[in-house]
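Visitor: Could you take me on a close look at the part in front of us? I'm new to this, so please go step by step.

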Amino acid sequence: MNVSALLTSVGINTGLCAVLLLLYSILRKQPSNVNVYFGRRLASMHLTHNDPFCLERFVPSPSWIVKAWKTNEEEILGIGGMDAVVFLRIVVFSIRIFSIAFVICFLLVLPVNYYGKEESHHKRISSEQMEVFTIENVKEGSRWLWTHCLALYIISCSACILLYFEYKSISEMRLAHITGSPTNPSHFTVLVRALPWSSGESYSDSVKRFFTNYHASNYLSHQMVYRSGRVQKLMTDAEKMYMVIKAASIEQNCKPSLMQRGLCGQPADSFNILPSEDGSVSGKSVVNMDMGKSTKESAAAFVFFKTRYAAVVAARVLQFSNPMLWVTNLAPEPHDVYWSNLCIPYKQLWFRKIGTLVATIAFMFVFLIPVTFVQGLTQLDQLQQTFPFLRGLLKKKYMSQLVTGYLPSVVLILALYIVPPVMMLFSAIEGSISRSGRKRSACCKVLYFTIWNVFFVNVFTGSVISQLNVFSSVKDIPTQLAKAVPRQVTFFTTYVLSSGWASLACEVMQIFALLCNLFKRFVLRNKDDSSSVTLSFPYHTEVPRLLLFGFLGFTCSILAPLIVPFLWVYFVLAYFVYRNQILNVYVSKYETGGQLWPIVHNTTIFSLTLSQIIALGVFGIKRSPVASGFTFPLIICTLLFNEYCRQRFLPIFKTNAAEILIEMDRKDEQSGKMEEIHRQLRAAYYQFTVASHELCKFECLSHGAKKSSPDPKNVKPGNEPRQQNGSQTVHCNLDVEENRMK
């Protein structure tokens, strides 16, 4: 590929991004698109969108960029939580390190690559082949290879220093998040699985007997997990329909009969909430409707302890002589529980993990077919031989530039769109007990998948057989990578343009949500914004994309510096786009406390180590013993740095410190809050939450009709009705819709 083909791809993607960003700056001002571009603010009821017609709504403006720039980290933390802050820290870290790489590579490496061979005659820049700007253009035994080694040292040391300070800062932020956030029921709760079956007593009796016997001083109570299959889903849907009909009869006064409900009544002032069979509405048992009693108990339970420290000890200690029984883990947050996986027998988890691993590997090899096809598009001569009828078309200059410079990356991107949903399915089958755990597992799978297919498979062109034969000898891997990576840097550059720049423009445009909104308004004639679906941030797709581009930057920066400026532009644009999306679009539905950062750290260390190994192979091919000798200690120092960070910071992300938990327990006991916390624990984990959300709706409606305040004990935290009558019903409806989507 020559420079003109690369410039063709740059022009296409730049024009596409400019058009989409201009359209976004106009469409976001239209009141009809408020549920697309301001979903988070609409859900939190901080938005009014009844703006009158004005010409300014149809004029592009960079106001969203200014707003994203002015928003500080404290505001991001309050809006999106710690996970959003950590995600933006990834972007900031990438901007910093590739700013350093941009300066170093363009001052030291690029001139050496371009003038690497004295006998070479250079053409015009647009006619030059991309190999001229890579390390392939440096002759063997050149004394100028020390510049590549120096650049590698500067980039690696800078990355390690920045990683250390980011890891330290995020660790301190996580500790502050644990101590400063409101009381978290998961700190007092342990999930117990693999309960042994006893014919003489139920699972519930077994749990009570076991924990009163071995944890008598700390055990508080427990709540069983019930099997929720299709039958239970139908029962839940029927209960929801019953409650909706009951809410619709606010202006009626009917007898408690399904045949007469909603067919007679009195004015709204005479509305009374009908009691259930189990008690009054004000009782906590009514919120759950005792639906679990009519279902079969599962071999799992939530066990509540009196203190945080007791819960951590119980979760970490082996409870039984048989490790496959009475398995304990700290429970996820109530909104984070993945209920359908709690009923999976514990002995099946091992088989499920093996099965998903095999399925993931098989899917990776099946994906070799589109990757091999993409690599065929990059070879113009091979393409003409395979498809002779295209020779006349491919001889045209602009067509050949389009096919080799833009089309391959687009085909690969379209094929990669099916990867995240498949990995989410595999992660759900794997048996994660939390939604955040499922998303983290999918994030790792997508990351490994994209690194393998986008990098390792693409650097070895040809058939699938030749790609597998490359790894027949482990000692030849550095040499093979050193030969193959510089040849594929042009493809990686176009991939950054197509998958990076264009994907950010599509992200800010929310094309799918925009089309759905247009269909709803102009085809279905539904203009109710309160029924819009709120989205959670897609960490399982965006984090792997950021880390993949960082991986490409580290491995290719000293080999082909031309990729660095395109990466830097991508990360700068990502900084504004993702901040805007967190502020306006995505809703934080659960919090993990920055659990994504260890994945980022490990991937960055792997990228650095692989780039150093590839550089070692390149220096060996170029016959530079000095550069090779200095590169080997750098690899050892990078691995030692990673081990230090693993010992120093990683335990903070795996478990909570006893010092912090004991101090929090003492503080709550001294302030008298512990008894109230104990009363609220059981209400936190409801497996069947339909009635609890509808109760919030009842309280809102009753407050609007009778001007009376609801009992705060009957409303779950986060679902409190608002004080203004005009927003109460919408607020609760959004909560119900969010729970339904979960």
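**Cysteines, a sheet and the cores**

Guide: Let's start with C645: its closest cysteine sulfur belongs to C160 and sits 7.9 Å away, which is too far for a bond. Keep in mind that we're looking at a predicted model. A disulfide needs two cysteine sulfur atoms within 2.5 Å, and the count by that rule comes to 0 disulfides. C645 is tucked away from the surface, though: it's buried, with a relative accessible area of 0%. C105 is buried too, and its relative accessible area is 0%.

Now hop over to the sheet. It's an open one with 4 strands, arranged in the order 2-3-1-4, and the pairing is antiparallel. Strand 2 (219-226) and strand 4 (327-330) are at the edges with a single partner strand each, so each has one side without a neighbour in the sheet. If you follow neighbouring strands across, they're turned by 25° against each other on average, ignoring direction.

Let's zoom in on one pairing there. Strand 1 (residues 189-193) runs antiparallel to strand 4, and 4 bridges join them. One place to look is R193, whose bridge partner in strand 4 is V327. A helix joins the picture as well: helix 7 (residues 203-214) lies across strand 1, strand 2 and strand 3 (297-305), and runs at about 155° to strand 2.

Next come the nonpolar cores. The largest has 141 residues, and F87, F367, F455, V485, Y495, L552 and Y578 are the ones with the most contacts inside it. Helix 5 (residues 73-114) supplies the largest share of this core, at 20 residues. Try clicking on Y578: beyond its neighbours within four places in sequence, its contacts include F87, L88, V91, F537 and Y570. There's also a second, separate core of 18 residues, with V190, Y226, A301 and V303 among them.

One last stop is T356, which you'll find in helix 12 (residues 346-366). T356 counts as buried because its relative accessible area is 4%, and the cut-off for buried is under 20%. Its side chain reaches the backbone oxygen of K353 at 3.0 Å. Setting aside neighbours within four places in sequence, T356 is in contact with F426, I429 and E430.

Key: Residues numbered from 1 in each chain as written. Predicted model: local features only at pLDDT ≥ 70, side-chain atom pairs only at ≥ 80, totals over all residues. Heavy atoms only, no water. Buried < 20%, exposed > 50% of the residue type's maximum accessible area, 1.4 Å probe, protein only. Helix = DSSP H or I, 4+ residues; strand = E, 2+ residues; numbered from the N terminus. Polar contact = N/O pair within 3.5 Å; in protein donor to acceptor, adjacent residues only side chain to side chain. Contact = heavy atoms within 4.5 Å. Pairing = 2+ DSSP bridges. Axes fitted to C-alpha atoms, helices over the stretch in contact; angles between N-to-C directions. Core = buried A, V, L, I, M, F, W, Y, C linked by side-chain atoms within 4.5 Å.
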